[in-house]
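Dear colleague,

I am handing over the structure we spoke about, so that you can look at it alongside my notes. Please open it first and then read on.

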Amino acid sequence: MSATMNEAWTKIETEAARLRSARLLDLFANDPTRAETMTSDAPHLIADFSKQRLDGAALGAFAALARAADFDGWRAKLFGGDVVNTTEGRAAKHWALRVTDPPGGDNEITAALDRMHAFAHEIAESGDYDAVIHLGIGGSDLGPRMALDALKGYRRPNITVRFAANVDGADVADAIEGLDPKRTLLIVVSKTFTTQETLANAEFVRAWGPARIAAATAAPGKAIAWGVAENDVFPFWDWVGGRYSLWSSVSLVCEIALAHGVFFRMLEGAEEMDLHFRDTPFEKNLPALSAAVQMWNREALGHGSYALIPYAERLRLLPAWAQQLEMESNGKGVTRDGAPLPRSSCAITWGAAGTNAQHSFFQLLHQGVEEIPVEFIVNAGAQEGPPSHRAKVYANALAQAQALMAGKSAAQAKAEMLAKGMSEADATRLAPHRAFTGNRASTLMALDALTPEALGALLAFYEHRVFVEAVLAGINPFDQWGVELGKEMANALLPALEGGNPPPDLDPSTAAWVRRLRAP
Ligand code: F6P
């Protein structure tokens, strides 16, 4: 961490000391323009940060951190195709997959997209297929699964899609249930084509006898060696990270199951966000501002997790996708140079769709001892379903943000109970249980409508926010060495669980569990 970055952090900490105990309602009282000035927009998306415990001066301190961390330089490297993933010696060019009109015309990316498109058309229009089974895990699963769910209104009729990711056999058993193998396409999706879970599931489904097998992978030779016909292998590239890969052939299933042109519209929306992110200064750049808010809550105010709550049923899988994107990218312990980090680089992402979440864990958000900042997302153009529901979903989202901020004092709770005729003794006893501290931070974001373009823009927004947080923390967000150790150990334990000898020097706890769970 450079001296100028340390200086910038000192300034952020000074701002935090000023604002840590500030009442959000006082910030509004002191600045009547706050609701407007703390709201920013980008293509298809606006974000209102006014209910966050920070102001222009605090955001200015993050702009100084961005200068110290050479945010402009790293952003130029990202979009210049330079090696930004330094531990793997790779560029991170997921944005290049959504350059919809490349200068100089066709290139390998558009050629791959055209091939994918032609294949999808053939499968969807031939009348030979009723179903597609998509097998992949992590970035080879979460993105297309979420996008298809989000864009249900844009689906082609008559194609059933099943996903299986888990190596618990129940998942793949469910995936084939009730399908006719002779009318099913299997797509095996794995960047490396070495992932244990995906290959185990793929072998099982291959033995079931699907009519055709395709693959999406950055290791086409391995897919062909496994038995996929060369023409049915859809490659992508090393410079597409797994969790950034839904813009590639990983989404072949989306091309097949969504109506003509819908996947391309997603790419267009993402490209709009790319251009906003690439060309807008930090102070007006939505992913950058949002990254600053995330870091402020986490590092300056000490809130180690945040809840991501889409008030949109169609975005119910967004938290799962964002969990991998954020925590697999930024859950790191060392800087780019391998030095221990002086502060954390990643919050815990969790969440679920509202209003369901209100009836589950919102109790903790409102009355738990720790404050957990919330990121609400609404679909401002909601049209699906009964029109009478539209106002209700917005009322709930706005009310939750309002309740988190305003709270309710014990005196107010007591007065309300007395007004309803409760005895003084009971009202006094219950008041602390029915009080809300309030003063809890949230961001409210809105998509203009849940169109393919807006979904693309939203997902690109999160990708870029992750990148900004990584630059400000001084880490590489594009590797994931932390997932390797467990994989190695699982491979070492597998023979013993299949009935062979346990590896030598097993710790007593793991050894006892191997004895308990091994095949008889
Ligand atoms: O377990 C981590 C990981 O490597 C993710 O980064 C990736 O998205 C997932 O596994 C699947 O990998 P693959 O696409 O190579 O099967």
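Below is what I found, going from the whole chain to the ligand and then to single residues.

Please keep in mind throughout that this is a predicted model, and that the distances and areas quoted here are computed from it.

**The chain as a whole**

The protein chain holds 21 helices and 11 strands, and its C-alpha atoms fill a box of roughly 75 × 60 × 55 Å when this is taken along the principal axes. For 520 residues a compact globule would have a radius of gyration near 24 Å, and the 25 Å of the protein chain therefore agrees with that expectation. Buried residues make up 51% of the 520 residues, while the surface that the protein chain exposes comes to about 22,500 Å², with carbon and sulfur atoms supplying 55% of it. Among the contacts with a separation of 6 or more, 76% are accounted for by residues that stand 24 or more positions apart.

The chain is divided into domain 1, which is assembled from the segments 3-82, 268-406 and 440-473, domain 2, which covers 99-260, and domain 3, which covers 482-517. Taken over C-alpha atoms, the centres of domain 2 and domain 3 are separated by 32 Å.

**The ligand and its surroundings**

Which residues come nearest to the ligand? Of the 13 residues around it, these are S140, S190, K191, T192 and T195. For T195, a polar side-chain atom lies 2.5 Å from an oxygen atom of the ligand. Two further side chains offer an N or O atom to a ligand oxygen, that of E328 at 2.7 Å and that of Q324 at 3.2 Å. Taken alone the ligand exposes 390 Å², of which the protein buries 88%.

Q324 deserves a second look, since the side chain that approaches the ligand also reaches the backbone nitrogen of G139, at 3.1 Å. Q324 sits in helix α14, residues 318-330, and it counts as buried because its relative accessibility is 14%, where the limit for that class is under 20%. Leaving aside neighbours within four places in sequence, Q324 is in contact with G138, G139, L142, R243 and S329.

**S245, a second neighbour of G139**

G139 appears again in the surroundings of S245, a residue placed in the loop between β7 (233-235) and α11 (252-257). Is S245 buried or exposed? With a relative accessible area of 1%, S245 is buried. A polar atom of the S245 side chain lies 2.6 Å from the backbone oxygen of G242 and 3.3 Å from the backbone oxygen of G139. When residues up to four places away in sequence are not counted, S245 touches G139, F236, V240 and V250.

**Helix α5 and its packing**

Helix α5 runs over residues 71-80, and its buried residues are F71, G73, W74, R75, L78 and F79. These buried residues pack against α4 (56-68), α12 (262-279) and α19 (452-473). The helix is followed by G81, which has a positive phi, near 75°.

**Helix α1 and helix α6**

Two residues of helix α1, which spans residues 3-19, may be useful as reference points; one of them is N6 and the other is E7. N6 counts as partly exposed because its relative accessibility is 37%, whereas E7, at 57%, counts as exposed. The C-alpha atoms of N6 and R20 are separated by 20 Å, with their positions 14 residues apart along the chain. For E7 and A64, which are 57 residues apart along the chain, the C-alpha separation is 9.1 Å.

Finally, A124 is located in helix α6, residues 108-126. Apart from its neighbours within four places in sequence, A124 is in contact with R156, I159 and I256. A124 and M1 are 123 residues apart in sequence, and their C-alpha atoms are 53 Å apart in space.

With best regards

Notes. Residues numbered from 1 in each chain as written. Predicted model: local features only at pLDDT ≥ 70, side-chain atom pairs only at ≥ 80, totals over all residues. Heavy atoms only, no water. Buried < 20%, exposed > 50% of the residue type's maximum accessible area, 1.4 Å probe, protein only. Helix = DSSP H or I, 4+ residues; strand = E, 2+ residues; numbered from the N terminus. Contact = heavy atoms within 4.5 Å. Domains from an automatic or database assignment. Polar contact = N/O pair within 3.5 Å; in protein donor to acceptor, adjacent residues only side chain to side chain. Near = heavy atom within 4 Å. Areas by Shrake-Rupley, 256 points an atom, 1.4 Å probe, with all protein chains shown as cover. Rg over C-alpha atoms; globule rule 2.2 N^0.38 Å.
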